[in-house]
Amino acid sequence: MSEKENTTTVLPIANAAPAQKTIEVTAKALEKVRSAMAKENISPESGGLRLGVQGGGCSGLTYNIRFDTKPRERDRVYDYDGVRVFVDPKSFIYLHGMILDYEETLLKQGFVFRNPNASKSCGCGSSFS
């Protein structure tokens with residue numbers, strides 16, 4: 001792999017204040033989300049990616065990622081270069097400041113939550129406290 005392929009580009013949300021803690025998505029993660037949305041026949045205008053947190057997992061909380069047809073009434077809605085991301089208010093408490101990335105290694109591939117709010121996480125990376 002070249003040095004350039006290992007770099008992570010983070011795209012901030014549109015119109016965000018520089019000091020505002022928010023959720024960010026890397027260019028590589030966006031590319032995978034767009035690809036998955038196309039495979040699922042979900043247009044960016046009709047749906048988006050829902051990021052959330054729910055109780056469970058070996059560390060107490062589990063990340064939840066799925067497609068949704070529309071935002072809910074109290075959701076925070078972010079637009080990353082045409083890809084909408086929906087986050088409910090309770091999940092935002094745990095996810096603000098987080099970076100959603102996509103990682104491909106010889107052993108695994110998938111989305112990675114880089115969360116500064118997590119005090120501890122499990123080996124699989126999908127559970128935290």
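Start by selecting Arg76 and Phe92: Arg76 lies over the face of the Phe92 ring, 3.7 Å from the ring centre. Keep in mind as you go that this is a predicted model.

**Zoom out to the whole chain**

Now colour by secondary structure. You should find two helices and nine strands in the protein chain. Tracing from the N terminus, the order of elements is β-β-α-β-β-β-β-α-β-β-β. Switch on a surface if you like: the accessible surface of the protein chain is about 7,900 Å², and carbon and sulfur atoms account for 51% of it. Of the 129 residues in the protein chain, 33% are buried. Contacts reach a long way along the sequence, too: among those between residues at least 6 apart, 52% join residues at least 24 apart.

**Into the nonpolar core**

Next, select Ile23, Leu51, Val87, Leu95 and Leu100. The largest nonpolar core has 22 residues, and these five touch the most other members. To see where the core comes from, highlight α1 (27–39), β3 (48–55), β4, β5 (76–80), β6 (83–87), α2 (89–95) and β7 (99–104); each supplies at least two of its residues. The element that gives the most to this core is α1, with four residues.

Stay with Leu95 for a moment and show its surroundings. Leaving aside residues up to four places away in sequence, Leu95 touches Ile23, Leu51, Gly52, Val53, Tyr63, Val87, Asn115 and Asn117.

**The aromatic pairs**

Tyr63, one of those neighbours of Leu95, leads to the next stop. The protein has three aromatic pairs. Select Tyr63 and Phe113: this pair is stacked, because the ring centres are 4.0 Å apart and the planes meet at 5°, and planes under 30 degrees apart count as stacked. The pair links distant parts of the chain, with Tyr63 in strand β4 (residues 61–68) and Phe113 in strand β8 (residues 109–114), 50 residues apart. Are the two partners buried or exposed? Tyr63 is buried, at a relative accessible area of 10%, and Phe113 is buried as well, at 13%.

For another geometry, move to Tyr102 and Phe111. Their rings form an edge-to-face pair, with 5.1 Å from centre to centre and 80° between the planes. Check the burial of each partner here: Tyr102 is buried, with a relative accessible area of 11%, whereas Phe111 counts as partly exposed at 31%. The cut-off behind those labels is that buried means under 20% relative accessible area.

How values were computed:
Residues are numbered from 1 along each chain as its sequence is written. This is a predicted model: local features need pLDDT of at least 70, side-chain atom pairs count only at pLDDT 80 or more; totals for chains, interfaces and linings use all residues. Side-chain values use heavy atoms; hydrogens and water are left out. Buried means under 20% relative accessible area, exposed over 50%, partly exposed in between (1.4 Å probe, protein chains only). Contact means heavy atoms within 4.5 Å. Accessible areas come from the Shrake-Rupley method with a 1.4 Å probe; for residues, only the protein chains shown count as cover. Rings of Phe, Tyr and Trp (its six-membered ring) pair if their centres lie within 6.5 Å; planes under 30 degrees apart count as stacked, over 60 as edge-to-face and the rest as tilted. A charge sits over a ring if NZ of Lys or CZ of Arg is within 6 Å of the ring centre and within 35 degrees of the ring normal. A nonpolar core is a set of buried Ala, Val, Leu, Ile, Met, Phe, Trp, Tyr and Cys residues joined through side-chain atoms within 4.5 Å.
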